[in-house]
Every structure is written in structure tokens, then in C-alpha cells.
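The following report considers one protein model from the point of view of its strands, its charged pairs and its surface. Please view the sequence and the model together before reading on.

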Amino acid sequence: MIPALIIWLFKKYILPAFRNKTFPTVKILKPVKHVAALILLLGLATCSLAQEQTVKYNVLHSGKVVGHLNLYRKQQGDELYLKMISEVKMRFIFNVKVDIQEESTFNNGKLINSRVCRNVNGNEKCNRQTKAIASGYQTVAEGKCGRVDQQQINANLMLLYCREPQDNAQVYSDNFQQFLQVKEVSPHIYRVDLPDGNYNFYSYTNGVCSKVDIHHSLYTIQIQLA
């Protein structure tokens, strides 16, 4: 849009002046001012527009794709909104279908609220929220209220999909509603141990999370960038 206006201005006012070898300064400057103001307004509007992105991952078990995960990210000013939706179908003794939806909102780098919902074969197994309040954070897990005595949460597990962490960083688990430690085990690969004894590896390529290895007591799955 802005380049088109510049081209139009040049063709309509500047180019004829060069051809006629006359330079009507006053006549040129007036539309230039108007168009310059318009370009400035368009530039400001563009800066204020939200930046949106969806990153797609495949979920694999024993080398076979068993599901998909989509991470939606929206940055608008100081506010960051994340939404992760995953669907996995696996067979153990019987078929298992797991649907997970997670949401997080950050403002000025602070977690404002988050939500995790997990359904297994259509039955709700997890519904947990974390919300910033004046004295810290209020949590709800399957209807039971709790608290996190921390004035500010700067990162959670969802954010690990968006940016590479630092070694020994503390990240908040919206599912377990407590802080976990990130440990770098090799260049650009980080381990996070979970309270239930399971653990995850997060791998990064050029600062982007390219793979997550989930080690559960019953299975191991990989989440790979599609």
C-alpha cells in the first residue's frame, strides 16, 4: 500500500516537473505533505496490527504419525496470546483418543491467565486455570481452589514452544500448577522433569522448537515440527 502511494506521487507530481523542466515547489510540497501524513498514519496502523502465526507439529509414536498439534500465537502490542490444540489417537489394549487444549495470556512478560483442558475418549480428565491476582496467582484444579505465592510468572511450558530457554530457568507448569526447572543437557536440547516422574526433552533449531520428546512411564512420543 505505502510503496504504491509513493509511486503514484512520483508519477503525478515529480515526473511531469522533470519532463517540463519546471519545478513548481509549492504545488509539489502540498500534496507531498498530505501523502506523507497518510503514509505516517498507515505506518502507525501497521505497527499496531496484531502479529499472528500458527505452527504445526506432528505427533509420532514408534515412528508413526498418531496425531497433530497446532500452536497459535498472537502478539498485539504488549499482549501475547497462545493457544495450543492437540489431538492424539493411540492403541494400547484398547483405542485411546486424547484431546488437549491450552491457552495462555501474557502482558508485558507477565502471565495473566492460563487454562488447560484434557479429554480422554470424550471424558474430561483435567480442567485447570491459573489467574493473576493482586497477591500472586489463584489456581483452580477440577473445581478446587489453590494459590501460587509468586508475584510474577514470566514463562510457562507453552512458551518453550515459542522461544529457547536458558539453562536452569524456572518455568511454570499450567497442568501441575508449580514451577519446574529447565536443564540444558546438550547444545540446544533441554530436559524438564515432571512431578509425576515423567520427563520431556525440548530441542531447538535456529531458536525454534523443532522437537519435543515426551517420556512417559507407559509410552514415548515425539512432537516434531511439520
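Lys-110 is partly exposed, because its relative accessible area of 22% falls between the limits used here, where buried means under 20%, exposed over 50% and partly exposed in between, with a 1.4 Å probe and protein chains only. Lys-110 belongs to strand S5, strands (E, at least two residues) and helices (H or I, at least four) being DSSP runs numbered from the N terminus. Its C-alpha atom is separated by 6.0 Å from that of Gln-152, although the two residues are 42 apart along the chain. This is a predicted model, in which local features need pLDDT of at least 70 and side-chain atom pairs count only at pLDDT 80 or more, whereas totals for chains, interfaces and linings use all residues. Residues are numbered from 1 along each chain as its sequence is written, and side-chain values use heavy atoms, with hydrogens and water left out.

Side chains of opposite charge can pair when their charged atoms come close. The structure holds six salt bridges, each defined as a side-chain nitrogen of Lys or Arg within 4 Å of a carboxyl oxygen of Asp or Glu. Three of these pairs are set out in the table, with the separation of their closest N and O atoms.

| Basic residue | Acidic residue | Closest N and O atoms |
|---|---|---|
| Lys-97 | Glu-87 | 3.9 Å |
| Lys-97 | Asp-99 | 2.6 Å |
| Arg-147 | Asp-149 | 3.8 Å |

In the pair of Lys-97 and Glu-87, with closest N and O atoms 3.9 Å apart, Lys-97 lies in strand S4 and Glu-87 in strand S3, so the bridge ties together parts that are ten residues apart in sequence. Lys-97 counts as partly exposed at 28% relative accessibility, and Glu-87 counts as partly exposed at 37%. Asp-149, the partner of Arg-147, counts as exposed because its relative accessibility is 66%. Salt bridges that share partners join Glu-87, Lys-97 and Asp-99 into one network. Asp-99 is found in strand S4 and is partly exposed, with a relative accessible area of 22%. The C-alpha atoms of Asp-99 and Cys-117, which are 18 residues apart along the chain, are separated by 8.2 Å.

What makes up the nonpolar surface patch of about 370 Å²? Phe-92, Ile-93 and Phe-94 form it, where patches are made of residues with over 30% relative accessible area and no salt bridge, like charges being joined within 9 Å and nonpolar side chains (Val, Leu, Ile, Met, Phe, Trp, Tyr) within 5 Å. Accessible areas come from the Shrake-Rupley method with a 1.4 Å probe. Phe-92 sits in the loop between S3 and S4 and, at 40% relative accessibility, counts as partly exposed.

Finally, the largest pocket is lined by 36 residues, of which Ile-100, Arg-118, Ile-214, His-216 and Tyr-219 lie nearest its centre. Among the elements that give two or more residues to this lining are strand S3 (79-91), strand S4 (95-107) and strand S5 (110-120). A pocket is here an open set of points on a 1 Å grid over the protein atoms alone, where a 1.4 Å probe fits, with protein on both sides within 12 Å along at least five of seven lines, and lining residues have an atom within 4 Å of a point.
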